[in-house]
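Colleague: Please take one part of this model and go through it closely. I would like the surroundings first and the detail after that.

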Amino acid sequence: MSVIWQPVTQTARKEHPCSWCGEAIAKGEEYWRWVWEDRGELVAVKVHLDCRDAWQRDGAEFAEPSEARRGMTMDETAIYETTHPTCEECEREFHAPEATYCNVPYLCPDCARAMKAREKREAEDAD
Ligand SMILES: [Zn+2]
Ligand SMILES: [Zn+2]
C-alpha cells in the first residue's frame, strides 16, 4: 500500500462519507484527503479534520468506517460508549458518570425518574 498523493486539506464541494467515522463531511466543510494505491487500485481517503487527528493519535494504518466515533480513536470510542449508553426506554444517548455494564435495564435520568414515579404511584394504588 503506497501513498500516491500526500494528504491535502480541501473544502468539500459535496457531501462525502468520512473514511474514519462514517459520518458525512458536510458541503463547505474542510476535510483531509489523500490517495493511496492498494493492489493496483486507487483509493481516495477523506476524513474530517478532527478524525484525522484521532487517526494520527490512534496510529492505525487504516480503519473500517464507522467503527470509531467522530474525532475519537478506537480506544476513546470504547470508553465513550460505556459512559454514554443508550437509554432502553427513550433510546436517547445520555452521559453516565461511570462506565455502566451492570445496570440493566439502563435508563437515562429522565426515564429513571419517570419509572420511580410510576412505581410509587402503582405502590400507592395497591394500597
Ligand atoms: Zn469523521
Ligand atoms: Zn430515557
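Modeller: What follows goes from the whole chain to its core and then to one loop residue.

This is a predicted model. The chain averages a pLDDT of 85, and 85% of the residues score at least 70. Among the elements, the highest mean pLDDT, 96, belongs to strand 3 (residues 24–25), and the lowest, 81, to strand 1 (residues 2–11). Where pLDDT is low, the predicted coordinates should not be read in detail.

The chain has 5 strands and 3 helices, in the order β-β-β-β-β-α-α-α from the N terminus. It has 127 residues, of which 14% count as buried.

The largest nonpolar core has 12 residues, among them Cys18, Trp20, Ile25, Val47 and Met72. Two or more residues of this core come from each of strand 4 (30–38) and helix 1 (49–58). Helix 1 gives the largest share, 3 residues. In soluble globular proteins, nonpolar side chains tend to be buried together.

Now for the close look, at His95. This residue sits in the loop between helix 2 (74–83) and helix 3 (109–126). His95 counts as exposed because 10 other C-beta atoms lie within 10 Å, and the cut-off for exposed is 12 or fewer. Leaving out residues up to four places away in sequence, His95 touches Thr83 and His84. Thr83 is 12 residues from His95 in sequence, while their C-alpha atoms are 5.9 Å apart in space.

Note on methods
Residues numbered from 1 in each chain as written. Chains lettered and ligands numbered in written order. Predicted model: local features only at pLDDT ≥ 70, side-chain atom pairs only at ≥ 80, totals over all residues. Helix = DSSP H or I, 4+ residues; strand = E, 2+ residues; numbered from the N terminus. Buried ≥ 20, exposed ≤ 12 C-beta atoms within 10 Å, placed from the backbone. pLDDT = per-residue confidence, 0-100. Core = buried A, V, L, I, M, F, W, Y, C linked by C-beta atoms within 7 Å. Contact = placed C-beta atoms within 7 Å.
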